[in-house]
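This report goes through a two-chain complex, from one residue outwards to the interface.

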Amino acid sequence: MARMKFLCDAERCIECNGCVTACKNENEVPWGVNRRRVVTINDGVVGAEKSISVACMHCSDAPCMAVCPVDCFYRTEDGVVLHDKDLCIGCGYCFYACPFGAPQFPQAGAFGLRGKMDKCTFCAGGPEVDRSDAEFKKYGRNRLAEGKLPACAEMCSTKALLGGDGDVIADIYRERVARRGLKGAEAWGWGTAYGQPPKAGAAPAAPAAAPKGKS
Amino acid sequence: MKRLVLIAAAVAVAGCMELEQTATPSKAGKYQGKPDTLPWSNQPLTGGPQWKQGDRTSWEEQIKTRQLAQHEHRRIYQ
């Protein structure tokens, strides 16, 4: 069973924004809404600048689904998290819950009212009839129903952004890292994810003293 | 003995199953109460990727081939 995921290889991303453009073009996303963004950290620092393409990560236990007061989200059999814009009330709870800032809200009306939520659909459309005009207008193109992968991943020039079944893309990435000859802690981001290795000669941290009195 | 083997096999296979991750699992044509069509139940487009309509396995096979096209080491060196 496929579990659709994205994986961005920070060693390869060149911040070209091709994925952002591909997404905008493919789904005709309106101004002010970015379903996908390229985030750069340590901008301008030689050797430390890294870019990563971020959109909805289609979480297995999605916080947006958990907090939605009108329960407009659903997960397909491929693990894609989608939502029904007919149910959405545009409250913005999902935006606060999402760790990736994926939910976007278009400006609706002259006074800047918040419109219904829009987010990456993994190019899988929404509840409307697949590949219909109604589906395209609300959610963008349904490439999965055409037997294709998301436009952002397929358009990525350096193949930094991988999209597809989690098992398959993880294997691709693993093989790449092995070819680079990196071993665990040498990979970028390892320290952030797993902590820094202890310095040689440094005394190990003392365990916290047990509270006295009540047992 | 045969029954014991069958039970053991069923228990072993159960270890490979994937648990439902939502409180309301998907039913035919419905996901957590919302209607949506399965990608493989669509008729493939002419000139596009092909699969047998309604056959999940054939849809997954063709999309896996497409996923592996992202692997330039295999795509170029083979």
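Neighbours up to four places away in sequence aside, Phe6(A) is in contact with Ala55(A), Met57(A), Ala153(A), Leu161(A) and Gly163(A). The model is a predicted one. Phe6(A) sits in strand β1 (residues 4-8) of chain A. With 23 other C-beta atoms within 10 Å, Phe6(A) is buried. Ile169(A) is 163 residues away from Phe6(A) in sequence, yet the C-alpha atoms of the two are 8.1 Å apart.

**Chain A and its core**

Chain A contains seven helices and eight strands. Of its 215 residues, 36% count as buried. Among contacts in chain A with a separation of 6 or more, 53% join residues 24 or more positions apart. The largest nonpolar core has 47 residues, and those touching the most other members are Phe73(A), Val81(A), Phe122(A), Cys152(A), Ala153(A) and Leu161(A). Two of these, Ala153(A) and Leu161(A), are also contacts of Phe6(A). Phe122(A), again leaving aside neighbours within four places in sequence, is in contact with Met4(A), His58(A), Val80(A), Leu144(A) and Pro150(A).

**Positive phi values**

Most residues other than glycine have a negative phi. His58(A), one of the contacts of Phe122(A), has a phi near 50°, a positive value in a residue other than glycine. Glu28(A) also has a positive phi, near 45°. The table sets out the surroundings of both residues.

| Residue | Phi | Loop of chain A | Other C-beta atoms within 10 Å | Burial |
|---|---|---|---|---|
| Glu28(A) | near 45° | between α1 (18-27) and β2 (37-41) | 10 | exposed |
| His58(A) | near 50° | between β3 (50-54) and α2 (63-67) | 25 | buried |

Both residues lie in loops, but Glu28(A) is exposed whereas His58(A) is buried. A residue counts as buried from 20 such atoms upwards and as exposed at 12 or fewer.

**The interface**

Between the chains, 29 residues of chain A are in contact with 30 residues of chain B. On the chain A side, the elements that give two or more residues are β4 (73-75), β8 (161-165) and α6 (166-180). α6(A) gives the most, with five residues. By class, this side of chain A has 13 nonpolar, four polar and 12 charged residues.

**Helices of chain B**

Which residues of α2(B) are buried? They are Trp59(B), Ile63(B) and Gln67(B). These three lie on the same side of α2(B), because they cover an arc of only 75° around the axis. The face turned away from that buried side carries the exposed residues Thr57(B) and Thr65(B). The buried residues of α2(B) pack against β8 and α6 of chain A, two of the elements listed above for the chain A side of the interface.

Helix α2(B) covers residues 56-68 and has 13 residues; from first C-alpha to last it reaches 18 Å, close to the 18 Å expected at 1.5 Å a residue. Helix α1(B), residues 2-14, likewise has 13 residues and reaches 18 Å, close to its expected 18 Å. In α1(B), however, the count of buried residues is zero, and the helix is hardly covered.

**Confidence**

The average pLDDT of chain B is 84, and 83% of its residues score at least 70. Among the elements of chain B, α2(B) has the highest mean pLDDT (93), and helix α3 (residues 72-77) the lowest (67). For the complex, the predictor gives an ipTM of 0.81 and a pTM of 0.82.

Methods
Residues numbered from 1 in each chain as written. Chains lettered and ligands numbered in written order. Predicted model: local features only at pLDDT ≥ 70, side-chain atom pairs only at ≥ 80, totals over all residues. Core = buried A, V, L, I, M, F, W, Y, C linked by C-beta atoms within 7 Å. Contact = placed C-beta atoms within 7 Å. Helix = DSSP H or I, 4+ residues; strand = E, 2+ residues; numbered from the N terminus. Nonpolar A, V, L, I, M, F, W, Y, C, P; charged D, E, K, R; others polar. Expected span 1.5 Å × (residues − 1). Arc of directions from axis to C-beta. pLDDT = per-residue confidence, 0-100.
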